[in-house]
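Reader: Please take me through this model feature by feature, with the general idea before the particular case.

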Amino acid sequence: MVSRDVIVFVMILSAVAIAIYGVFAAKIVQTDQFAGIAAVIIIVLAILPKIYTFKQYERAVVLRFGSYNRTVGPGLSLIFPAFEKFDVVDMRTQTIDTKPQDAQTKDDVKIKLDVVSFFRITNPKKALLEVKDLHGAILKLLQGEIRLIVGKLDLDEVIEETEQVNETLFAKLKEVEEDWGFVVLRVELESVELPPSLVEARTKAREAKEYKEKVEIEASARQISLEILDKAASKMSDKTMSYLYLDAIKKISDGKSNKIIFPLELTRLATTIAEGLTKNKDDQGKKYGEILEGLKNAYNDQQKEQMDKTEKKD
């Protein structure tokens, strides 16, 4: 098409130049005829085509006397400005952002959704002549479809099934892409905006769920440890348990605390263990016997001190 336009343009220029040269060469121009010839030349020059350059991603839809004539580009193209008009169409991938769109879910929750679509024009003629504003038409179609889809879903379904929303919007655009001269590449649900009060409530519910799971895990771990300890203790002799118990008491007494309160059950146990250990003649038995004797004395002193305080109050 470009070569043909160039050839036609060159032929017209050549014809005009030859005609003018012939007139002046034959000296047939009279003074009263010069104005008429000049007017003809001006008219011819006015209707001559202009050369336009279109980029690789541009196409020009040319209308002649208001009717579609041809699509030109990329590169050089001849267009007659006197009776031809053209509009440039961008063939690159384009995006449409719906911005936060108000919608109401099936369970009457008002939310906002932001959807982005990617498309590319494949038929400049249809994209320009079949729809007045392609971008505006796609935007309106998406906005209406968003409200329709969300109205059929609960809030949890909208949040969890975003892929289903994307596929439904994609299919809706596929229905009109052939008539409107474009191809849809992708549709993405970018964000779902919830009311502030609902966001706070869902956050608290999530935190409560996480705390419950944490407590259940800790309780399960504690139960397992107790079962293991009980199983191990059931296999120990009384003598072994006594030594372990005394060793624990010794570690407590070695600490920084200057007062240790012993329950009655502990003193009874200490008496029983002490009686058993006195029979043990080795140094370790004597050592723990002394510890238990000290525990008994400490408990007796504590009881006496408590009784004295009670009598003073009375």
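Author: Let us begin with Lys99, which counts as exposed because its relative accessibility is 52%, where exposed means over 50% relative accessible area, buried under 20%, and partly exposed in between (1.4 Å probe, protein chains only). The model is a predicted one, in which local features need pLDDT of at least 70 and side-chain atom pairs count only at pLDDT 80 or more, whereas totals for chains, interfaces and linings use all residues. Residues are numbered from 1 along each chain as its sequence is written, and side-chain values use heavy atoms, with hydrogens and water left out.

Reader: Which sign does the phi of Lys99 have, and in which loop does Lys99 lie?

Author: Most residues other than glycine have a negative phi, and most peptide bonds are trans. The phi of Lys99, however, is positive, near 65°, and the residue lies in the loop between S6 and strand S7 (101-104); strands are DSSP runs of E with at least two residues, helices runs of H or I with at least four, both numbered from the N terminus. Asp108, in the loop between S7 and S8, also has a positive phi, near 65°, and is exposed at 60% relative accessibility. As for the peptide bonds, the one from Gly73 to Pro74 is cis, with omega near -5°, and Pro74 belongs to the loop between strand S3 (67-72) and strand S4 (75-79).

Reader: Which side chains along strand S6 are buried, and which are not?

Author: In S6 (residues 93-97) the side chains alternate, with Gln94 and Ile96 buried on one face, while Thr93, Thr95 and Asp97 point to the other and are not buried. S6 pairs with strand S8 (residues 110-121) in the antiparallel sense over five bridges, pairing being assigned if DSSP finds at least two bridges between two strands. Within this pair, Asp97 stands opposite Val116 of S8.

Reader: How many salt bridges does the rule give?

Author: A salt bridge is a side-chain nitrogen of Lys or Arg within 4 Å of a carboxyl oxygen of Asp or Glu, and by this rule the count is seven. Two of them can be followed in helix H6 (residues 162-180), where Lys172 and Glu175 are three residues apart and therefore separated by about one helical turn; their side chains meet at 3.6 Å, N to O. Lys172 is partly exposed at 26%, and Glu175 is exposed at 55%. Lys174 and Glu177 are likewise three residues apart in H6, or about one helical turn, and their salt bridge has an N to O distance of 2.9 Å. Here Lys174 is partly exposed at 36%, whereas Glu177 is buried at 12%.

Reader: Which residues are joined into one network by salt bridges that share partners?

Author: Before turning to that network, note that Arg186 forms a salt bridge with Glu188, the closest N and O atoms being 2.7 Å apart. The network itself joins Arg64, Arg70 and Glu84.

Reader: Which residues form the negative surface patch?

Author: Patches take residues with over 30% relative accessible area and no salt bridge, joining like charges within 9 Å; Asp and Glu count as negative. Here the patch consists of Glu207, Glu210, Glu213 and Glu216. Glu216 sits in helix H7 (residues 196-234) and is partly exposed at 46% relative accessibility.

Methods: Patches are made of residues with over 30% relative accessible area and no salt bridge: like charges are joined within 9 Å, nonpolar side chains (Val, Leu, Ile, Met, Phe, Trp, Tyr) within 5 Å. Accessible areas come from the Shrake-Rupley method with a 1.4 Å probe; for residues, only the protein chains shown count as cover. The place of a charge is taken as NZ of Lys, CZ of Arg, CG of Asp or CD of Glu.
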